[in-house]
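Me: I would like to go through this model with you step by step, asking about its domains, its sheets and its chain contact in turn.

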Amino acid sequence: MSAPLHRRWLAVAGATAAFALIAAGCTSNTPEADDTAAAVAPAAAGSNDEPGDKVTIAFSGPAADHGWLGAINSAAKAEAEKYSDVDFVMAEGTNDVSVQISQIEQFINDGVDAIVLLPSDGAALTEVATKAMNAGIPVVNVDREFSDPNAARTTVLGDNYGMGVSAGEYICEQLGGTAGAKVAEIAGVDSLPLTQDRSRGFKDALTKCGLKVDARVAAGFTVETGEEAASELLQANPKLDAIWNHDDDQGIGVLAAIDAAGRDEFFMVGGAGSKNAMDAIKADDTVLKATVIYPSTQGADGVKLARLLAQNKGMSDLVDAAVPRTVQLYAPIVTKENVDEYLPIGFAS
Amino acid sequence: MSEQTTPGAAVPGRSVTELAGDVPVHADRPAQAPRRGLLHGPAGRNLGLVIALLAICIFGVATAGERFASPENALTILRLASVTGVVSIGMTFVIIGAGIDLSVGSVIGLASVWASTLATQTMAQDLNWGVMVVTALAVGLCAGLVNGVLIAYGKVVAFIATLAMMVAARGLAEIIAQRKTQVVSVQGFLDFFRGDLIGIPTLVWIFVLVSVAGWILLNRTTFGRRTIAVGGNPEAARLAGIKVKRHTMYLYALSGLGAGIGGVMMLGRTTAGSSTNGLFLELDVIAAVVVGGTLLVGGRGTIVGTVLGVLIFTTLSNVFTQNNLSSSAQAVAKGVIIVVAVMLQQRIAGRTPAKT
């Protein structure tokens, strides 16, 4: 058991050191994007970006029925097209677990060099991912984790807990010591672990400054459910000081409900980081004052790492010779002050 | 309309009105039990629903007090019920006609997306915001007609035909919207549908108007009587001279139109067209119609019952949010309500449904 444990430690250390570099590395491909981790020197497009062995990278993800997922796919594709040495195969997005499993089996039969997989359900895709790994094809697991870490060579994760913490810390900071301040939360699909992680982070951060979640409703990541949940939340709570809404796509509906209720005594923090939300933050004419990023560039990072794995390269910014096991991306808060830095990576909802 | 009501020669001496009365006609059950007393009429059937709604309201007042009992909250409930409500009226006709329409949720999505594309919005800016309304209604009507033709003339089972439409319309909406959310920027449209008239939101007015129109159509016109006849016993209806196929087609067109109106209202409510609009709405609609006392096998149902069914679910959700309870608990309560309401109705009506 010592080997996996050892590797896990490496992964943690690697991830901690790497997330800033990755963030820098991925944004540096978007011309206008500033370095998200200012403390670290910008990752130069080092020798790793030089054309190497010709490799085939296959990508499979859920149906892009949401702006964020749409951005995941298009960013992954755009990233792959930047490399002349990458042959990119993209399977049609699906929410059907069995279809996605058969896609991966097809990739294994085709003998691709690496697979980037954003599973529609992490646990359900674990077995077929293991099969690919056993066949010698490195699997890069994106966003939704497999139930067994050995089913992937590398895992790229967003930070859902961190999103909640960032949102909570911002609200704490804004409300300062306001006694009895009322904070509400509009969650996404409640049954998803990612929603539970976000809510846990939010609660933990609020607890630190003596606040709590006074009212909580769950929507369904869609405009319609956002409007409905927010209408009822506002009706039930005549006075609020701050709202955290988990998702900017459903946020369009939430803002519609706030507008219909004619309420503006509070401020709102969004989540995910859509272009719409960032535009609104920049214009500063709604209650939306900030949003927390959940990078939609994860798939693109997955493609980059898959290319390195397939070409047997390491990450040139790390001393370590191999690609780390886990890379967790950062969930920064975007406000009017720094919105210009993040606008280029805002996804069109 | 009345020229088609001439009784068919095969049933001499029986008028369509008789055939299509309040009690479903069953050719295979010659001895129809006579109705006994007021409670067995439509009012009696709805009593169970009124009791359920009152129980939820009492619970709401007891737990949330003035926040629940305020006029603003009543309007919020009505506003949130409006889209489901309008679509449920159309669905009531389809189900009384012994059919089912699973596609309404998807058609709402498609209509809302089509009416908010860049092209439609540009046209609406240049001409009139009514362009968006007409587009959505036309999309809904067309989708309904396709359903109707497939079911009536193509002999595809309603469940399958509308299931196919449910999948296809959602797909088409995704293609048109490119899976993006289309924010409405036509101010006239927003002002109208997000505004109010004498303190009552436009959306609620539409819900009221559609309900009244639906009630008149079902209870005071030959169209309504034919619907009941077709659903109760299509063979008898055919023998009575009703063009059953054509009528069936009209029912699905009506339901499609209802979904089109729902699409417009959804645009007003959320300010955005999205292929996710109306997701799973068909389930809420069917639940509301069935809880409202409409028989899934057709031949019986009321508009008042449907409206009460819609209000029960929306009020329930409101009470739960007022008390900051989880959405999971709400789902359990919804399930219990469906069973209890249906059982209450059967108890009060004094018998189990005629056809099961």
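Me: How many Å apart do the C-alpha centres of domain 1 of chain A and domain 2 of chain A lie?

Reply: This is a predicted model, and its domain assignment divides chain A into domain 1, covering 22-158 + 296-323, and domain 2, covering 160-294 + 335-345. Taking the C-alpha centres of domain 1 and domain 2 of chain A, the separation comes to 30 Å.

Me: Among contacts in chain A between residues at least 6 apart in sequence, what percentage join residues at least 24 apart?

Reply: Chain A carries 11 helices and 12 strands, and buried residues account for 56% of its 349 residues. When the contacts in chain A between residues at least 6 apart in sequence are considered, the share that joins residues at least 24 apart is 72%.

Me: Why is one side of β2 and of β11 of chain A left without a neighbour in the sheet?

Reply: The strands concerned belong to an open sheet of 6 strands, ordered β2-β1-β3-β4-β5-β11 in chain A, with parallel pairing. Neighbouring strands of this sheet are turned against each other by 15° on average, direction ignored. One side of β2 (86-90) and one side of β11 (326-328) of chain A lack a neighbour because both strands stand at the edges, each with a single partner strand.

Me: Which residue of β3(A) is the bridge partner of A:F59?

Reply: Strand β1 (residues 55-60) of chain A runs parallel to β3(A) and is joined to it by 4 bridges. On its other pairing, β3 (residues 114-117) of chain A is joined by 3 bridges to the parallel strand β4 (residues 139-142) of chain A, where A:V140 stands opposite A:V116. In β3(A), A:A114 and A:V116 point one way while A:I115 and A:L117 point the other way, and all are buried. The residue of β3(A) that has A:F59 as its bridge partner is A:V116.

Me: What is the handedness of the β-α-β crossover from β3(A) through α4(A) to β4(A)?

Reply: The connecting helix α4 (residues 122-134) of chain A lies across β3 and β4 of chain A and runs at about 155° to β4(A). Following the chain from β3(A) through α4(A) to β4(A), the crossover is right-handed.

Me: Which strands are the edge strands of the sheet ordered β7-β6-β8-β9-β10-β12 in chain A?

Reply: This is an open sheet of 6 strands in chain A, and its pairing is mixed. From one strand to the next the twist averages 20°. The strands that pair on one side only, and that therefore form the edges, are β7 (213-218) and β12 (333-335) of chain A.Me: What angle does the direction of helix α5 of chain A make with that of β9(A)?

Reply: Strand β9 (residues 267-272) of chain A runs parallel to strand β10 (residues 288-293) of chain A, and 5 bridges join them. Within this pair, A:V269 stands opposite A:A290 in β10(A). Helix α5 (residues 160-175) of chain A packs on the sheet, touching β6, β8, β9, β10 and β12 of chain A, and the angle between its direction and that of β9(A) is about 165°.

Me: How many polar residues are there on the side of chain B that touches chain A?

Reply: The contact involves 29 residues of chain B and 28 residues of chain A. On the chain B side, α4 (71-96), α13 (244-270), α15 (303-322) and α16 (327-349) each supply at least two residues. The residues of that side divide into 5 nonpolar and 7 charged, with the polar ones numbering 17.

Key. Residues are numbered from 1 along each chain as its sequence is written. Chains are lettered from A and ligands numbered from 1 in the order in which they are written. This is a predicted model: local features need pLDDT of at least 70, side-chain atom pairs count only at pLDDT 80 or more; totals for chains, interfaces and linings use all residues. Domain bounds come from an automatic or database domain assignment. A residue is buried if 20 or more other C-beta atoms lie within 10 Å of its own, exposed if 12 or fewer, and partly exposed in between; C-beta atoms are placed from the backbone. Two residues are in contact if their C-beta atoms, placed from the backbone, lie within 7 Å. Two strands pair if DSSP finds at least two bridges between them. Axes are lines fitted to C-alpha atoms, for helices over the stretch in contact, and angles run from 0 to 180 degrees between N-to-C directions. A crossover is right-handed if, with the strands pointing away from the viewer, the path from the first strand over the helix to the second runs clockwise. Ala, Val, Leu, Ile, Met, Phe, Trp, Tyr, Cys and Pro count as nonpolar, Asp, Glu, Lys and Arg as charged, and the others, Gly among them, as polar.
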